[in-house]
Amino acid sequence: MSAVIEPEAAAARVQAIQALLAGVADPEIPVLSIVDLGVVRHVRFESDGRLHVGITPTYSGCPATEVIRVAVRAALDAGGHADAVLEEVLSPPWTSQWLTSAAHAKLRAFGIAPPEESVSSPRRRWHAPLITCPRCASRATERVSEFGSTPCKAHYRCSACQEPFDYFKCL
Amino acid sequence: MSARAHAPSERDPAQQAAHFRHVLRLADTSLVLGQRLGEWVGHAPALEEDLGLANLALDLIGQARLLLTYAGELEGRGRDEDALAFLRDAPEFVNLTLAEQPNGDFGHTIVRQWLIDAWQLEIYQGLLGSADSRLGAIAAKALKETRYHHRFSSGWLIRLGDGTRESHDRVQAALDCLWRFSAELFCADEVDERMQAAAIAPALAELAPRWSARIDEDLAAATLKRPAAQPYPWHGRRGVHTEHLGHMLAEMQHLQRTYPGVRW
């Protein structure tokens, strides 16, 4: 392909595509987009003249990965990028630290506590992280189960407002 | 979807075959263990543990999918993850013999899980610097998940072992029963030696003492005794299995065998 794209024009196009992908919702937590989640790893035009979009799975076995892949393809098709190359990026592995601050606020508003503790120390292997209740902001919460309705969430209960809630785990 | 990291190109067919087999072994252990854990769904002692085991199963099957897809590409005969998972018979599976052992009681499942979690921690850690960047990337991802798998299984091992007399005796009995499969974990053969020589995989002999130390640490906390018997190395990784694998595959593969190529 001989067409050379001017850097400014390319940057504007990439920005438009990123906005397009920001409209693709996570199938499990629909208030988050796949950009909020840090699933979109790169959007760029490469020397082959084609658009390359890299996405990464969150958890290896997360069933949402397939749905996201199909949704990204559909969004690119609809945006006039049917020839885009969709790439799976495994390295570096996804981490909950890639959730944007906007994602944290959206999770809280949706009733899910955002990830709070970056790493658990080996000395406190079974220590459940202390989480703030997303409904009443109390710290008097307890973990019911490390595993919840999706791979990324743990199940908590608030002792102040008595409500159960999900916690988006650190990975 | 294409993957961006590639294995070093291999012109030597024997090397290529060993590479395929090495990745397939890792995949099969995850797949078979994931299927076993899936058998617990709806039957675990409590809802929380039901969810826990199902979550572990999901991770393991996800890891197996990444590894099987890659194995199929290394083999170069057009087999994808589904063909490898559903259309091979027991002698073609090369998982650890331990992974295929039946669930037994909850303590039995926990001991099996814990032994393999501790093994996968060392294996994946050792693969991080692999000359095969794609395998290294899969290992880095799997390692993060294996850490909380081990936290789950060792946590239960300690609660059961250091719990009531009944729970202690049952989990000790499970350990005594399953220990005989542990010699296979770090028993290297020509495939492992080739992978080690090519810097694709770590030397199993170097990982064994670290695994052993971790096992002893958890056993001490669980007030359990490490069985003394020097176990016989089983050969699941060479395709020689206990009778249990065939029964498990009969259920796992039933749909695809009965309706070849079926799609939802």
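Which residue stands opposite His52(A) in E2(A)? Select Arg44(A): this residue faces His52(A) across the strand pair. The model is predicted, so local features need pLDDT of at least 70 and side-chain atom pairs count only at pLDDT 80 or more, while totals for chains, interfaces and linings use all residues. Residues are numbered from 1 along each chain as its sequence is written, and chains are lettered from A and ligands numbered from 1 in the order in which they are written.

**Chain A as a whole**

Display chain A alone. Chain A holds 3 helices and 7 strands; helices (H or I, at least four residues) and strands (E, at least two) are DSSP runs, numbered from the N terminus. The order of elements from the N terminus is α-β-β-α-β-α-β-β-β-β. Along the principal axes, the C-alpha atoms fill a box of roughly 65 × 30 × 25 Å. Of the 171 residues in chain A, 34% are buried; a residue is buried if 20 or more other C-beta atoms lie within 10 Å of its own, exposed if 12 or fewer, and partly exposed in between, with C-beta atoms placed from the backbone.

**The hairpin**

Select residues 40-45 and 51-55 of chain A, which are strands E1(A) and E2(A). The two run antiparallel and are joined by 5 bridges; strands pair if DSSP finds at least two bridges between them. Together they form a hairpin with 5 residues between the strands. In the turn, pick Gly49(A), whose phi is positive at about 80°.

Now show side chains along E2(A). Leu51(A), Val53(A) and Ile55(A) point to one face and are buried. His52(A) and Gly54(A) point to the other face and are not buried.

**From E2 to E3**

Add residues 85-88 of chain A, strand E3(A). E2(A) and E3(A) pair in the parallel sense over 4 bridges. Two positions to label are Gly54(A), opposite Glu87(A), and Ile55(A), whose bridge partner is Glu88(A).

Add helix H2(A), residues 64-78. E2(A), H2(A) and E3(A) make a right-handed β-α-β unit: with the strands pointing away from the viewer, the path from the first strand over the helix to the second runs clockwise.

**Two domains**

Colour residues 7-94 of chain A as domain 1 and 99-168 as domain 2; such bounds come from an automatic or database domain assignment. Their C-alpha centres lie 27 Å apart. Across the boundary, 11 residues of domain 1 are in contact with 10 residues of domain 2, a contact being two C-beta atoms, placed from the backbone, within 7 Å. The domain 1 side divides into 6 nonpolar, 3 polar and 2 charged residues. Here Ala, Val, Leu, Ile, Met, Phe, Trp, Tyr, Cys and Pro count as nonpolar, Asp, Glu, Lys and Arg as charged, and the others, Gly among them, as polar.

**The contact with chain B**

Bring chain B back. The contact takes 22 residues from chain A and 25 residues from chain B. On the chain A side, E3(A) and strand E5(A) (141-145) each supply at least two residues. The largest share, 4 residues, comes from E3(A). By class, the chain A side has 12 nonpolar, 5 polar and 5 charged residues.

Finish on helix H4(B), residues 106-127. Of its 22 residues, 19 are buried.

Definitions and conventions
Expected span 1.5 Å × (residues − 1).
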